[in-house]
Amino acid sequence: MKHKALALLALLPLAAGCASQKVVDDYEAEIAALREERTSLKSENQNLRSQLDQTQSALSNASSDLNAARAEV
């Protein structure tokens, strides 16, 4: 069992060197696309958080106005 593990470890560098340049380029392109998507999603998330904050503020103001109107009646 120990010999099999050592043999596999010895062969690991050979297996890692088998990737073709096209495969490497494809992975790099995919990584770049995912990074762009991540940046876009972060921006969208920030915009949505800002909209949520504005909506919550408007709701709070409307609730305060409603409570003030009820107090006058």
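**Close-up views of a two-helix predicted model**

**View 1. Lys 22, an exposed residue.** Lys 22 has a relative accessible area of 57%, so the residue counts as exposed. Please keep in mind that this is a predicted model.

**View 2. The salt bridge between Lys 22 and Asp 26.** Here Lys 22 meets Asp 26 in a salt bridge, and their closest N and O atoms lie 3.0 Å apart. Side chains of opposite charge can pair when their charged atoms come close. Both residues sit in helix H2, and because they are four residues apart, about one helical turn separates them. Asp 26 is partly exposed, with a relative accessible area of 40%. A search of the whole structure turns up one salt bridge.

**View 3. A nonpolar patch on the surface.** Val 23, Tyr 27 and Ile 31 make up this patch, and together they offer about 280 Å² of accessible area. Tyr 27 belongs to helix H2, which covers residues 21–72. With a relative accessible area of 52%, Tyr 27 is exposed; the cut-off for that word is over 50%.

**View 4. The whole protein, for orientation.** Stepping back from the close-ups, you will find two helices and zero strands. How many of the 73 residues count as buried? The share is 0%. The protein exposes about 6900 Å², and 60% of that area comes from carbon and sulfur atoms.

How values were computed. Residues numbered from 1 in each chain as written. Predicted model: local features only at pLDDT ≥ 70, side-chain atom pairs only at ≥ 80, totals over all residues. Heavy atoms only, no water. Patch = residues over 30% accessible without salt bridge, like charges linked within 9 Å, V, L, I, M, F, W, Y side chains within 5 Å. Areas by Shrake-Rupley, 256 points an atom, 1.4 Å probe, with all protein chains shown as cover. Salt bridge = Lys/Arg side-chain N within 4 Å of Asp/Glu carboxyl O. Buried < 20%, exposed > 50% of the residue type's maximum accessible area, 1.4 Å probe, protein only.
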